[in-house]
Amino acid sequence: MNKKEIAEIKRRITKTKCSFTRLCGCYVDAEKQKRLTLKEAFLSLPEEEMFKYIDILRKTLSGSIGRTLINMEFPTEQETAEDGSQRFLMKLLESRLQDEELLEQFYDKIIEHYQYPENYFIILVHDAYDIPKITTDGVVNFDASEYVYDYILCSICPVKLTKPGLCYNAETNHIEDRIRDWLVQPPELGFLFPAFNDRNMDIHGLLYYSKNANDLDIGVTEHVLGCQIPLPAGSQKEAFNAIVEESLGLSCDYEVVKSLHENLHQMIAENEENPEPLSLDKNDMSKLLQKSGVEEDKIEAFESRYDETVGEKESLMAANISNQRKFEVRTPDVTVNVSPDRTDLVETRVIDGVPYLMIQINDLVEVNGIQIVSDLVSGNQQ
């Protein structure tokens, strides 16, 4: 799913447009015991309660693709095997969350594999979306619908005890100890099934949400959803950096890395208008290295390490491996941050056999927030 497709579904989850047919839930304690299960007609909930659920469910579709939101595909065996995860989710979807036995099996799968040590609340909703046509000039025609997007959305939320404190009791006109309640928090993870690709149902994939982009839950992704867990956002950058360092060896100098950054920055900028985030597979990476001045034998070494670390057919998100906010040069004692589009201000030189990092100074220099007058800035060298 791309940004536009996610936004289209998210726009439905509002106080005025929401049309969920069914709400189901299971409250699990720290001992992995079911304390409560619920089944409700969503639109029959009290208004304030409904709005709280809407806030949680919208959060499950928030963030950026490749970080908190990850497109996943089912392996073939999960679609063909009788006990495959995709087939199970299809049964759950087709039941419109009306089959209590399937719901209990779903809760049991999460309880068995979700490695969360405290209380949590599983929320599951169903919706059927009449997909409106979009004309060639971009106008949405709500009266013309050829397909229905039938989907379930799941959110898994921590439930934490509110902090102790004093409060004002209006009935007794007194300050007293506040009663501590178990409060449902924003979701830690969730998923949308099936995926909404090309503005239609794609039963071969789903959209996975993780609040922590660097800590994807292996138990849920692999054992409940049956999908192969990709490298988390932070790990993608670490993996890319390690592969570059190991493959290039002594050729991994400042100019090559600077060129890599500049080329990545340019590619991301050129892709800004595309709803699909820029991802780079092994071939894309090889072209990037070649453009950045890396020798052919080093590129071959990179490709080999890429297969071992990332996977031959796997891709990395460009935004995850390149910092778009700053260009950082760090030594054990000094860190220099440069605007990504002004890397030309920094260069390396060797003077009297000693390597130096040279920074071009403009007409404004501050030291600890204090603007200074410099002979170098004014051009009056002593």
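# Exercises on a predicted model

Ring pairs join Tyr129, Tyr149, Tyr151 and Phe196 into a cluster. The structure above is a predicted model, and the exercises below walk through its rings, cores, charges and surface.

## Exercise 1: Aromatic pairs

Classify the ring pair of tyrosine 149 and phenylalanine 196, and that of tyrosine 114 and tyrosine 120, by the angle between the planes.

Solution. Start with the total: the model has 14 aromatic pairs. In one of them, the rings of tyrosine 114 and tyrosine 120 have centres 5.0 Å apart and planes at 80°. Planes over 60 degrees apart count as edge-to-face, so this pair of tyrosines is edge-to-face. Tyrosine 114 and tyrosine 120 are both buried.

Now take tyrosine 149 and phenylalanine 196, whose ring centres are 4.7 Å apart with 40° between the planes. That angle makes the pair tilted. Next, place the two residues along the chain: tyrosine 149 sits in strand S5 (residues 140–161) and phenylalanine 196 in strand S10 (residues 195–197). The pair links distant parts of the chain, 47 residues apart. Tyrosine 149 and phenylalanine 196 are buried as well.

## Exercise 2: The nonpolar cores

Find which residues touch the most other members of the largest nonpolar core, and which helix gives this core its largest share.

Solution. The largest nonpolar core has 36 residues. Within this core, the residues that touch the most other members are Phe106, Tyr120, Ile122, Phe193, Leu206 and Leu225. Helix H5 (residues 100–113) supplies the largest share of the core, with six residues. Another core lies apart from this one; it has 35 residues, including Ile6, Cys18, Leu23 and Leu192.

To see one core member at closer range, list the contacts of tyrosine 120, leaving out residues up to four places away in sequence. From earlier in the chain come Cys26, Tyr27, Val28, Ile110, Ile111 and Tyr114. From later in the chain come Ile156, Cys157, Pro158 and Val159. Tyr114 in this list is the ring partner from the edge-to-face pair in Exercise 1.

## Exercise 3: Salt bridges

Work out which parts of the chain are tied together by the salt bridge of lysine 34 and aspartate 108.

Solution. The count of salt bridges in the model is 16. In the one asked about, the closest N and O atoms of lysine 34 and aspartate 108 are 2.8 Å apart. Lysine 34 belongs to strand S2 (residues 34–40) and aspartate 108 to helix H5, so the bridge ties together parts that are 74 residues apart in sequence. Lysine 34 is partly exposed at 32% relative accessible area, and aspartate 108 is partly exposed at 38%. To finish, widen the view: Lys34, Glu104 and Asp108 are linked in a network of salt bridges.

Decide next whether each partner in the salt bridges of lysine 91 with glutamate 82 and of lysine 326 with glutamate 328 is exposed or partly exposed.

Solution. For lysine 91 and glutamate 82, the closest N and O atoms are 3.7 Å apart. Lysine 91 has a relative accessible area of 36% and is partly exposed. Glutamate 82 has 55%, and since exposed means over 50%, glutamate 82 is exposed. Lysine 326 and glutamate 328 meet at 3.4 Å, N to O. Lysine 326 is partly exposed at 32%, and glutamate 328 is partly exposed at 34%.

## Exercise 4: Helix H4

Explain why helix H4 (residues 85–94) can be called largely enclosed by the rest of the structure.

Solution. List the buried residues: Ser85, Gln86, Phe88, Leu89, Met90, Leu92 and Leu93. These are seven of the ten residues of H4, so the helix is largely enclosed by the rest of the structure. Just after H4, arginine 96 has a positive phi of about 55°.

## Exercise 5: Surface and span

Locate the nonpolar surface patch that includes Leu166, and then place glycine 249.

Solution. The patch is formed by Leu166, Tyr168 and Ile175, which together have about 360 Å² of accessible area. Leucine 166 lies in strand S6 (residues 166–169) and counts as exposed at 66% relative accessibility.

Glycine 249 is in the loop between helix H7 (233–248) and helix H8 (254–270). With a relative accessible area of 40%, glycine 249 is partly exposed. Its C-alpha atom is 51 Å from that of aspartate 29, a residue 220 places away along the chain.

Definitions and conventions:
Residues numbered from 1 in each chain as written. Predicted model: local features only at pLDDT ≥ 70, side-chain atom pairs only at ≥ 80, totals over all residues. Heavy atoms only, no water. Core = buried A, V, L, I, M, F, W, Y, C linked by side-chain atoms within 4.5 Å. Buried < 20%, exposed > 50% of the residue type's maximum accessible area, 1.4 Å probe, protein only. Helix = DSSP H or I, 4+ residues; strand = E, 2+ residues; numbered from the N terminus. Contact = heavy atoms within 4.5 Å. Patch = residues over 30% accessible without salt bridge, like charges linked within 9 Å, V, L, I, M, F, W, Y side chains within 5 Å. Areas by Shrake-Rupley, 256 points an atom, 1.4 Å probe, with all protein chains shown as cover. Salt bridge = Lys/Arg side-chain N within 4 Å of Asp/Glu carboxyl O. Phe/Tyr/Trp six-rings, centres within 6.5 Å; stacked < 30°, edge-to-face > 60°.
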